[in-house]
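Dear colleague,

Please find below the structure that I am handing over to you. A short account of what was found in it follows.

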Amino acid sequence: MKLTPYWLDTAPRFSDGAKGPVEGEVGVAVVGGGFTGLSASIALAKKGASVMLLEAGMVGGCASGRNGGMCNNGFAQDYFGMANRFGETVAKRLYQSFDTAVDTVETIIREEGIDCDFHRVGKLKLAAKPAHYDKLARSQEMLARGADPETYMVSRQELASELGSDRYFGGMIFKKSAAMHMGKFVHGLATAATRRGVKIHESAPVTGLKRLNGHAHELSTPQGVVRARQVLLATGTSAVGPLSYYRRRIVPVGAFLIVTEPLPIDLLDRLLPRRRNAADTMNFVSYFRVTPDNRLLFGGRARFAKSGARSDIKSGKILQRSMLQVFPSLTNVRIDYCWGGMVDMTADRLPRAGEHDGLFYSMGYSGHGTQMSTYMGKVMAEVMDGNISLNPWKDFDWPAIPGHFGPTWFLPLVGAYYKLQDMLH
Ligand SMILES: Cc1cc2nc3c(=O)[nH]c(=O)nc-3n(C[C@H](O)[C@H](O)[C@H](O)COP(=O)(O)OP(=O)(O)OC[C@H]3O[C@@H](n4cnc5c(N)ncnc54)[C@H](O)[C@@H]3O)c2cc1C
């Protein structure tokens, strides 16, 4: 079993990064080479800016290359609850920004000629309890009236056409959602950015940030210093560099995945005949999809813990048990990949983007960000060009999380709380 992400293991490794010292003056320095930073770099370069991207490790080495491979539309949260909280007009606008985000991914793939197995397979949200089905139906009814008339419910009786498992009590379909190969997408974005003149420095952690006279900034790395007129922080759950403002607002939480050996087509046709992105309604969520080479990818929260080799193996065993509860016929199937990654959770599980202290930022996608991070990269290029109104998250304040100064001492408590919620509701 490999402890590397399936996506990075089965995609070409980006190798056109800049060699030599980090130096000079640029229009924009982008910090972080995940989807946010790569997409922003492309959009900024298209606008004519000179761009340098500084990545602490390798491009796509964090969440962007380690995720579940789902590019879903809609909220991760219950739509009815979001409409109650924000009002239906705002909820609809935010919901549809995820539609636009999936469209943006598709457009970039087409414009930049990226071959990454993008298919609009649709998402199947699975009710783990009878009451969850009723809750989904309440949201779907509201969505059908406004934000997303293409959604529909699938009753427990009808579910056999979608899923070869009797574990669930029906579900809901989001037709606009897509699946894609995340490693190939990372590679394609980085290659496109380079082609457009972006200098990508890997293994170049930004360890110092200084405001100079006027509006310029100085960014220090172990390989040298660069000056930039503007800076975009696209740093996800970063534990590196002078980013304590963001560390007080983002909780890094582990999420874990396993991938089976390739499976016979007739078996996959029984388990997931329409090849949807499937995810259930639990806080300790399980989600699964079929990979382009016919393996089952199965992911989930598993535990509220950090990712790391030992933690990933422990979580992988929990995931394998969950997978067998959903698909008992996979008992003797080999697990070929097991890995984890850190999710950038905000307190309300919604992204944050804007400008703070002269620095632009976009992050906090809370595990639902393959589409939104790519979209926000493009949006932030506009925001940095003065088009602030295009930012869907511009009106959201972002207070620090009380008691959170970096170390996540409270994660086990949060985990216990959600476990109890899953038992009770
Ligand atoms: C296990 C897992 C499963 C997921 N599954 C899904 C899914 O199926 N669908 C979905 O929509 N979303 C999913 N997500 C979320 C999604 O992957 C992310 O929202 C998205 O990739 C975020 O992209 P990003 O560019 O903002 O951050 P990242 O990809 O985390 O990139 C940030 C980069 O910044 C770099 N960096 C940090 N600090 C510095 C510094 N000081 N100097 C230089 N570089 C720095 C890091 O090295 C990193 O490469 C998942 C996330 C995880 C972890």
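A polar contact is a pair of N or O atoms within 3.5 Å; within protein, one must be able to donate a hydrogen and the other to accept it, and residues adjacent in sequence count only if both atoms are side-chain atoms. By this rule, a backbone N or O atom of Gly-369 lies 3.0 Å from an oxygen atom of the ligand. The protein covers 96% of the 1000 Å² of accessible area that the ligand has on its own (Shrake-Rupley method, 1.4 Å probe).

The model is predicted: local features need pLDDT of at least 70, side-chain atom pairs count only at pLDDT 80 or more, and totals for chains, interfaces and linings use all residues. Residues are numbered from 1 along each chain as its sequence is written, and side-chain values use heavy atoms, with hydrogens and water left out.

Polar backbone atoms of two further residues approach nitrogen of the ligand: that of Gly-68 is 3.0 Å from a nitrogen atom, and that of Val-206 is 2.9 Å from a nitrogen atom.

Around the ligand there are 38 residues (a heavy atom within 4 Å); the closest are Thr-36, Glu-55, Ser-64, Met-70 and Ser-238. The shell comprises 18 nonpolar, 18 polar and 2 charged residues (nonpolar: Ala, Val, Leu, Ile, Met, Phe, Trp, Tyr, Cys and Pro; charged: Asp, Glu, Lys and Arg; polar: the others, Gly among them).

Yours sincerely
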